[in-house]
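Here are a few exercises to work through with the model open in your viewer. Try each one before you read its solution.

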Amino acid sequence: MVSAATHGARERRAWDALAQIPDPEIPAISLVDLGVIGDVSIDEEGRIAHVELLPTFVGCPAIEVMRHRIGERLTELGIADRVEVKVSFATPWTSERISEAGRERLRRSGFAPPVMTGGDGLDQLAVLPIAECPYCGSRNTTLDNPFGPTLCRAIYHCADCRQPFEQFKRV
Amino acid sequence: MAEPGASRTPPDLDISARDALADLLRSVADDEFVIGFWDSEWTGIAPMLEEDVATSSIAQDEIGHARALYELLATLTDDDADRIAFGRDADAYRHAALLDHARGDWAFSVARRWLYETADAVRLAALARSSWEPLAQLAGKMRREETYHRMHADVWLRRLSDAGPEVRQRLIDALTRLWPDAQAVFVPLAGEDQLLRHGLLPEPMGALHATWQAEVGPILALVVPDLPAAAPSIDGRTRHSDDFRWLHGQFTLVARSEVGATW
């Protein structure tokens, strides 16, 4: 017989472990801060850990790497006999899911965090090119390309400090 | 939240409805897959570096969407997504005739992308209301990404239509040539009554086609004043060109070189 407290503790350990796994494409931010972990549930006997993974983009090539690392890490920890990572679109990942800590880590590593506008809609108005330069904080920036080196990144230029930078796209 | 893995397969569907749903998924997935491969042909040779990055990124999105759709299709047909993507003969693909043309010049690619993005947006809005949740959820997510594609296509359509007589003429020629085949995105599917009855597809292809035409007609009229009336041709997803056969040879090359290989 396993108490509810132990059951909850197992899930907390899993979340803590996932918070240590870096995003494969932007290692400054963890999977938890990025908001790609939708849910973690482990049955009372600790047989199976279900992890719901919400991809930032449907075609993100890092999905398999993330899935593998999550499975590997939770298996190492012995949190459950088996770990199942399921890619899901039930809750669509949106850039609003990045935590405040995650936004700060992005900034510190030279990425402008996505603009927060609230709401779920995504139309052409919502993706208007607005970014704050992560180096000098200026909003005097221009969008060079809404498409960047990975699916989730756009390229900007800061007119004040004359620095090119990337933004994590609003999606 | 639903149990993980629940409702992946639509409940209580008879075989004919499931087949119709598979046909729908195959047509959408093949469209995304084939346009993704045509776009990837621009990698390294686009007219400017920014467009090299943009078309490559868009191509990666589209092929990613195709992959997710093939995975859903595989759950319906008890097949494997990679085999569906790379293991079929050229004649078994069901992409629209719009995507049967070779890459062409930049104006041709812009014209095709704009026609496809506008049509795809209408279709995705409908699929996001499908009664089959996994499809509705995936379409909802895809729509957010397609916002960027649509914006890219709009900007380029406007830019080329304002860029001087030769460029404008190339754009007009491309739109005129592609217009009849663009209708094929909305070819009615064989089992469409089944899809409608179960709400798998909330509106008939004919209605989606009318919505699309009403939306793009006034914009196209500004560029090409005398586009003829056009409707989807019945073989719009089954006849394939030598251009597509060439592309098929390219994108299946690795898979064919070592059948059944894993990596």
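**Exercise 1.** At which residue does α5(B) bend, and by about how many degrees?

*Solution.* Keep in mind that this is a predicted model. Follow the helix along to B:Glu145: there α5(B) bends by about 35°. Now check the length. Helix α5 of chain B covers residues 133–161, which makes 29 residues, and at 1.5 Å a residue these should span 42 Å. The C-alpha atoms at its ends are 40 Å apart, so the expected span and the model agree.

**Exercise 2.** How many residues does each chain bring to the contact, and which helix of chain B gives the largest share of its side?

*Solution.* Start with the totals: 26 residues come from chain B and 22 residues from chain A. On the chain B side, α2 (49–77) and α5 each supply at least two residues. The largest share there belongs to α2(B), with twelve residues. Then sort that side of chain B by class: you get eleven nonpolar, nine polar and six charged residues.

**Exercise 3.** In what order do the three strands of the open sheet in chain A run, and which ones stand at the edges?

*Solution.* The order is β1-β2-β3, with mixed pairing. β1 (37–42) and β3 (82–87) of chain A each have a single partner strand, so they stand at the edges. On average, neighbouring strands are turned by 15° against each other, direction ignored. Next, look at one pair: β1(A) and β2 (residues 48–53) of chain A are antiparallel over five bridges, and A:Asp39 sits opposite A:Glu52 in β2(A). Finally, add the helix: α3 (residues 63–77) of chain A packs on the sheet, touching β2 and β3 of chain A. The direction of α3 makes about 155° with that of β3(A).

Methods:
Residues are numbered from 1 along each chain as its sequence is written. Chains are lettered from A and ligands numbered from 1 in the order in which they are written. This is a predicted model: local features need pLDDT of at least 70, side-chain atom pairs count only at pLDDT 80 or more; totals for chains, interfaces and linings use all residues. Helices (H or I, at least four residues) and strands (E, at least two) are DSSP runs, numbered from the N terminus. The expected span of a helix is 1.5 Å times one less than its number of residues. The bend at a residue is the angle between axes fitted to the seven residues ending there and the seven starting there. Two residues are in contact if their C-beta atoms, placed from the backbone, lie within 7 Å. Ala, Val, Leu, Ile, Met, Phe, Trp, Tyr, Cys and Pro count as nonpolar, Asp, Glu, Lys and Arg as charged, and the others, Gly among them, as polar. Two strands pair if DSSP finds at least two bridges between them. Axes are lines fitted to C-alpha atoms, for helices over the stretch in contact, and angles run from 0 to 180 degrees between N-to-C directions.
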